[in-house]
Amino acid sequence: MNAGAPAPLDLLAALFAGEGAAEYLGEEVTQAEHMLQAGALAEAAGAPAHLVAAALLHDIGHFHGTVTGHDLMEEGLDNRHSHTGADWLARWFGPEVTEPVRLHVAAKRYLCTAEPGYFGLLSEASVHTLRVQGGPMTARQARAFEALPGAADAVAVRRWDERAKDPLGVTPDFAHFRPLLASLLRTRD
């Protein structure tokens, strides 16, 4: 860690409080509310700590100031936020957290192919981003996705992701998840 740089969890908390307060791709929740809801849904489902963390952090790649530098989604281009976010998080978390983050967009594409009716569950914003991200997978792509390590975890994160858009949802704040995240850090906060 760089001298003078904020500790990882302090940096994440600042992102949730700062950029996280921004509009979330036309949804009725902010980016932080969406991510906190996803983490809370994973926690309520009894998911293991690494999956709660992945659900909580899955869209960190949308935080374009610190993580990606520019939000291409606003221009109708894939910002590859899943890959960028996973790579950024890999400084502090292992693949059990980062790979579901990396694969959560692919999981949406997969579910649209593998499960009839899944497309109908997508919000208007998710339908738009699905088009930008390559649309539903082909049958061959879906089989390849299923064989990836972490694919099942990514599908679980994706399911919480889509449900985490409730404008009336009450969720814990970032501080609630801090001990769980601290337990997963490669370098302690």
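What follows is a chat between a reader and an author about how some words are earned in this predicted model.

Reader: Let's start with the whole thing. What makes up the secondary structure of the protein?
Author: Helices: there are 10 of them, and zero strands. Read from the N terminus on, the elements go α-α-α-α-α-α-α-α-α-α. Of the 189 residues in the protein, 51% are buried.

Reader: How many of the contacts join residues at least 24 apart?
Author: Take the contacts between residues at least 6 apart in sequence: 70% of those join residues at least 24 apart.

Reader: Why is His34 called buried?
Author: The cut-off for buried is under 20% relative accessible area. His34 has a relative accessible area of 0%, so His34 is buried. You'll find His34 in helix α2, residues 31-44.

Reader: Which residues does His34 touch?
Author: Leaving out residues up to four places away in sequence, His34 touches Tyr24, Val29, His58, Asp59, Asp161, Ala164 and Lys165.

Reader: And Gly18, why is that one called partly exposed?
Author: Buried needs a value under 20% and exposed needs one over 50%, with partly exposed in between. Gly18 has 41% relative accessibility, so Gly18 counts as partly exposed. Gly18 sits in the loop between α1 and α2. Its C-alpha is 9.0 Å from that of Ala32, and the two residues are 14 apart in sequence.

Reader: Thr129 has 7% relative accessibility. What does Thr129 count as, buried or exposed?
Author: Set 7% against the limit of under 20%, and Thr129 counts as buried. Thr129 belongs to helix α7, residues 124-132. From Thr129 to Leu25 there are 104 residues in sequence, but 8.9 Å in space, C-alpha to C-alpha.

Reader: On to helix α1. Which of its residues are buried?
Author: In α1, residues 8-17, the buried ones are Pro8, Leu9, Leu11, Leu12, Leu15 and Phe16.

Reader: How do you know that they line one face of the helix?
Author: Look down the axis of α1: the buried residues fall within an arc of 155°, so they line one face.

Reader: What about α10, which residues are buried there?
Author: Phe174, Phe177, Leu180, Leu181 and Leu184 are the buried residues of α10. Down the axis of α10 they fall within an arc of 115°, so here too they line one face of the helix. The cover over these buried residues includes α1, α2, α3 and α6.

Reader: How do α1 and α10 cross, and what makes that roughly antiparallel?
Author: Their axes come within 11 Å and cross at roughly 150°. Angles over 145 degrees count as roughly antiparallel, so α1 is roughly antiparallel to α10. The crossing of α1 past α10 is right-handed.

Reader: Which residues make that contact?
Author: From α1 come Leu9, Asp10, Leu12, Ala13 and Phe16, and from α10 come Phe174, Arg178, Leu181 and Ala182. By class, the contact of α1 with α10 has seven nonpolar, no polar and two charged residues.

Reader: Now α3 and α6. Why is α3 called oblique to α6?
Author: The axes of α3 and α6 cross at roughly 40° and come within 8 Å. Roughly parallel would need an angle under 35 degrees, and roughly perpendicular runs from 65 to 115. An angle of roughly 40° fits neither, so α3 is oblique to α6. The crossing of α3 and α6 is right-handed.

Reader: Which residues meet there?
Author: His50, Leu51, Ala53, Ala54 and Leu57 of α3 make the contact with Glu96, Val97, Pro100 and Val101 of α6. Sorted by class, the contact of α3 with α6 has seven nonpolar, one polar and one charged.

Reader: What makes α3 and α9 oblique as well?
Author: The axes of α3 and α9 come within 9 Å and cross at roughly 50°. That value lies between the limits of 35 and 65 degrees, so α3 and α9 are oblique to each other. α3 passes α9 in a right-handed crossing.

Reader: And which residues in α3 and α9 meet?
Author: His50, Leu51, Ala54 and Ala55 in α3 meet Asp153, Ala156, Val157 and Trp160 in α9. The residues of this contact divide into six nonpolar, one polar and one charged.

Conventions: Residues numbered from 1 in each chain as written. Predicted model: local features only at pLDDT ≥ 70, side-chain atom pairs only at ≥ 80, totals over all residues. Heavy atoms only, no water. Buried < 20%, exposed > 50% of the residue type's maximum accessible area, 1.4 Å probe, protein only. Helix = DSSP H or I, 4+ residues; strand = E, 2+ residues; numbered from the N terminus. Arc of directions from axis to C-beta. Axes fitted to C-alpha atoms, helices over the stretch in contact; angles between N-to-C directions. Left-handed = near helix turned anticlockwise from the far one by under 90°. Contact = heavy atoms within 4.5 Å. Nonpolar A, V, L, I, M, F, W, Y, C, P; charged D, E, K, R; others polar.
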